Amino acid sequence: MNDIIIYSVISLASIGVVAAIILYFVAQKFKVIEDPKIDLIEEVLPGANCGGCGFAGCRNFAEAVVKAGNLEGLRCPVGGNETMNKIAGILGLEVKESEPMVAVVRCSGSKENAPKKNNFDGITSCAFANNLYHGESGCPYGCLGLGDCVDACQFDAIYIDKKTGLPVVKEEKCVACGACVTACPRNIIELRYKGKKNRRVFVSCVNEEKGAVALKNCKTACIGCGKCVKACNFDAITLKNNLAYIDFEKCKLCRKCVEVCPTGAILDINFPPRKPKVIVDTDKKTVEKN
Amino acid sequence: MRTFKKGGVHPNENKISQTKSIEILPIPQKVYIPITQHLGAPSTLVVKKGDSIKTGQLIAKSESFICANNHSSVSGKISKIDNFIDASGYKKPCIVVDVEGDEWIDSIDKSLEIKKDITLSSGEIIQKIKEMGIVGLGGACFPTHVKLMLPEGKKADYLIINGVECEPYLTSDHRMMLEKGEEILIGTSILMKALNVDNAIIGIENNKKDAINHLTELSKNYKGIKIESLKVKYPQGGEKQLIKALTNREVPSGKLPLDVGCVVDNVGTAFAVYEAVQKNKPLFERVVTVTGKSVKEPKNLMVRMGTPVNYLIEKAGGLPEDTGKIISGGPMMGKALTSLDVPVVKGTSGILLMKKSESKRNKEQNCIRCGKCVVACPMGLEPYLLAALSEHKNYEELEKHHIMDCIECGSCQFTCPSFRPLLDNLRLGKNKVGQIIRKRRKK
Amino acid sequence: MNILTISGSPHVHGDQSVKKIMQGVIIALIPAMLMAFYFFGLPAIIITLTSVVSCVLFEFLIQKYIIKGEITINNGSAVITGILLAFNVPSNLPIWEMIIGAFVAIGIAKMSFGGLGKNPFNPALVGRVFLLISFPVDMTSWPVPGRFSTSLDAVTGATPLGIIKEGLAKGNHVSDLMSNIPSYFDMLIGNCGGSLGEISAIAIIIGGIYMLCKKIITWHIPVAFIGSVFVFSGILWLINPELYIDPVYQLLSGGLMLGAVFMATDMVTSPMTYKGMLIFGLGCGVITVLIRVFGAYPEGVSFSILIMNAFVPMINKAFKPKLFGETVKK
């Protein structure tokens, strides 16, 4: 009995010793010399490996930053200014502060505004449905509502509202990594400035069809009338292919465009509720959004 | 009896309309002719709003290599050029013509007499086919003249004419072979001359015995044309499967039929080639089967391109109450239509109306790993694995497992006892991998 | 105007479904079940019912209260597990042990992996092996078969394979033992000791032919399994007929037929391709003979199938279907 114990202890111990020696030499031979800064930077990064920076993961981003030697075009959208300042500190560089961003869904084609004309019966994938046809509402630009953006989000910051059938971004959770932007086959989601007090004004439509055609499928489509362009005092709105677009760098959040929009395609988010004040023109309706 | 070896399924044939002879559909008052009706680069419009056009007049010109001409199917006045939904599910530019009478352009030979002598040379035939806008009528609409222009150093041994019609329900090719047999054989001879091949095989599935007998009888007068009867199996009408069944040659992955010395054309195309070369008639009408279990009078109709689908359905006894889905093409590979206003195009081989009860998919269940999809796949792929990889967005692995070889025949999904949407996932994955490959090539 | 449905092709579906497959298997199991009832009487019926009911019940409870997902007991897979589990135990097994076996089969071998289609091992076999290891005495005391009787106390005896194994272990030769074992005909119809479902080879073969006709199984696994047992044990028999029993005996005895036709062919736990199935059957056969002849247990079918189940993912990886167009014939 004792023999068995002794033999097994001796053999196991010797295997351990031999393996340790081999491991030591292998580790010596294949040692990779890395800049210690990479590890330091990786530590300050959020570690979500979301790919929002354009690299496969946080480690790759750290390597790229160290290799590049400057911070031009390199930015961790998740960590934001705080993280970038830390990285700049490690590398002894300056960093430009930039405004925080948030993902914005530019479609108001809810079940009510854009009633469905077909039944879709297939896998819940926007990319698949996009290849198949124009979508249940008939709008070839609008949201398909099958949730590719939800699948893409690693931060649980977007969900499909069952009532409207449209995705909703949870502002407090969104880190503006841009995963949903690339996942959306119709380019509906855009990263915009979060804005002062989270207030934003944007055109919630990407339909480039002519006004009458677009209106057939959706009550709140942008019809390209150009009223908002005229109303804007800051040249922030451009009209292209029957579609208005508000440049978030120029927009001063005055909300004049919201007032004039005849279809309610322009949304203002997080503004205090307006007093039910004078509606300027009788046939224009202003959309009340809280 | 010959057939392809690997995979395949056997759906219920449901060839309800196979005894109905081809009827000519009257021209509707308004037609919507899509400007591009083929696979490849879009053609360029050569008419404008307000123009008066005649039947057979060129309306859109081919300006790149893989592209085809397009002709007016009616005579009348162009009232509008705008976007309308077509079978692709998206709006595409169409010309809308208010029909006035039916005046054909003068160059078309309207006589009913069959012209047998082939006077043109090979190059002239190809030129003619190009001019007349002939595309493959099997469904893919690949421009025929491109197939006929063999690249330097390549030679075809066989011309294969596809009379398989393996899709359930559809009978348009079957009726063509019965009623236009002589023309199809002349068309085949023309194609043989254009390709400079001595052998042509017409493959027909065994469920169309009358067509096999009829063509075998007629083909005695034509040199080099052989009629081959094939065992009924889907997807025998697929190019690669048909070549395998008839010549036992396998088209390698990513290669074309020409790489194994074969050119495949549909019987409908052979007929269109006959009309184009012998009668100078551009491709502006085709046979469309209107069928379905609840359709009152299933029919095979000779239809002008651009005729809205509801006009066809009207003629087949009207839209049944319980229609849940309308399919352009057959039930295995056809496209579901979003509305009844979609116009008939060169690739529309049938309009299939499905009952509400048929049009809903069963609820998907767990994969029980039965391997039926693997056995059914005619390309030797593993659909269960590819579908799972596609769901997990693992595009690298997908490419390694040859997803690009998938011919989207639907055999896997057809046979799956768990009702899994295999082909949906495969299509999605194939699409993504295709994008990745294209991006890589650009670099 | 109706709202039209849009979906990708294909727009039709074949007539097969999981439910139909499971119903087919249950029908195929009926002949063997009737033989078991005939030879073992009332206890066999009680055991089978207990097993089926508890399997279905466990699946229902787990799906309802633990997974909280869809309840799929009506697809019949739990019923099959129940019947197969009952087929693999002696008819005089205590009821509470049967219930434990059902719990292991459904709860541990099947539902803990995610239910039908996700389990790597055949649930019924896991249940059986668990019982065999936990209650070896109860699991290996076999009642002697007789005409249908309602008596719950049966005389116990040994299985043909057990007789041979013990006899050889005592140093006897095969020829000495031949008089102790039942005739081939008795083993074919099932008049011999053993688990409920395994005794009658002919009833199992009838069920197998039914499944083949209904295209529920293919011939590959059973033929490879039985064939390799026959060939391998035949070689051993030719080497020394005094030490090794003849191959026909190997085929008819024990759970080989039941295993080859019903257990190894379980879709979930068998390979996808025909090539893989042949390899799988071959492996099962070889391991079965190895255990039977050289191992400690008289019977090795369940272990061999479980061992090969573990190799299925590897077989699936190694034996891919041949791609169309891989070989170019010029």
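A salt bridge here is a side-chain nitrogen of Lys or Arg within 4 Å of a carboxyl oxygen of Asp or Glu. I start with that because the first pair I want to show depends on it. Lys320(C) and Glu382(B) form such a bridge, and their closest N and O atoms are 3.0 Å apart. Before going further: what you see is a predicted model.

That pair sits between chain C and chain B, so let me stay with this interface. On the chain C side 46 residues are in contact, and they meet 67 residues of chain B. About 4500 Å² is buried between these two chains, with carbon and sulfur atoms giving 55% of the area. Within chain C, the residues that lose the most area to chain B are His11(C), Met272(C) and Phe324(C), and together they make up 20% of what that side buries.

How many salt bridges does the rule find across the interface of chain C and chain B? The count is two. Polar contacts add 24 residue pairs across the interface of chain C and chain B, both residues being at pLDDT 80 or more. Two elements of chain C give two or more residues each to the side that touches chain B, namely E1 and helix H1, residues 18-40. The largest share comes from E1(C), with three residues. By class, that side of chain C divides into 19 nonpolar, 19 polar and eight charged residues.

Another salt bridge that crosses between chains joins Lys363(B) to Glu70(C), with 3.3 Å between the closest N and O atoms. Lys363(B) lies in the loop between helix H9 (356-359) and helix H10 (372-376) of chain B, and Glu70(C) lies in the loop between H2 and H3 of chain C. Lys363(B) has a relative accessibility of 56%, so it counts as exposed.

Now the contact of chain C with chain A. Here six residues of chain C and nine residues of chain A take part. The buried area is about 630 Å², and carbon and sulfur atoms give 62% of it. The rule finds zero salt bridges across the interface of chain C and chain A, and four residue pairs in polar contact, both at pLDDT 80 or more. The side of chain C that touches chain A has three nonpolar, three polar and no charged residues. Strands also pair between these chains: strand E2 (residues 118-120) of chain A runs parallel to strand E1 (residues 4-6) of chain C, over three bridges. One bridge partnership there is Asn118(A) with Leu4(C).

Next, inside chain C. Is helix H3 (residues 77-87) of chain C enclosed or open? Ten of its eleven residues are buried, so the rest of the structure largely encloses it. Among the buried ones are Ile80(C), Leu84(C) and Phe87(C). The buried residues of H3(C) pack against H1, helix H2 (42-67), helix H4 (95-110), helix H5 (123-134) and helix H13 (256-263) of chain C.

On to the strands of chain B. Strand E9 (residues 158-163) of chain B is mostly covered, with five of its six residues buried. E9(B) pairs in the parallel sense with strand E12 (residues 262-266) of chain B over five bridges, and there Ile161(B) stands opposite Asp265(B). E9(B) also runs parallel to strand E10 (residues 199-205) of chain B, joined by six bridges, and Ile160(B) stands opposite Ile201(B).

Chain B also has an open sheet of four strands in the order E2-E8-E7-E4, with antiparallel pairing. Strand E2 (30-34) and strand E4 (52-53) of chain B are at the edges with a single partner strand each, so one side of each has no neighbour in the sheet. Strand E7 (residues 76-85) and strand E8 (residues 91-99) of chain B pair over nine bridges, and Gly76(B) has Val99(B) as its bridge partner.

Last, salt bridges within chain B. Glu285(B) and Arg304(B) meet at 3.2 Å, N to O. Glu285(B) lies in strand E13 (residues 285-291) and Arg304(B) in strand E14 (residues 299-304) of chain B, so the pair ties together parts 19 residues apart in sequence. Glu285(B) is buried, with a relative accessible area of 15%, and Arg304(B) is buried at 9%. Both belong to a network of salt bridges that also links Asp102(B), Glu275(B) and Lys281(B). Over all chains, the count comes to 40 salt bridges.

Technical notes: Residues are numbered from 1 along each chain as its sequence is written. Chains are lettered from A and ligands numbered from 1 in the order in which they are written. This is a predicted model: local features need pLDDT of at least 70, side-chain atom pairs count only at pLDDT 80 or more; totals for chains, interfaces and linings use all residues. Side-chain values use heavy atoms; hydrogens and water are left out. Contact means heavy atoms within 4.5 Å. Buried area is the accessible area (1.4 Å probe) that two parts lose on being put together, summed over both. A polar contact is a pair of N or O atoms within 3.5 Å; within protein, one must be able to donate a hydrogen and the other to accept it, and residues adjacent in sequence count only if both atoms are side-chain atoms. Ala, Val, Leu, Ile, Met, Phe, Trp, Tyr, Cys and Pro count as nonpolar, Asp, Glu, Lys and Arg as charged, and the others, Gly among them, as polar. Two strands pair if DSSP finds at least two bridges between them. Buried means under 20% relative accessible area, exposed over 50%, partly exposed in between (1.4 Å probe, protein chains only).
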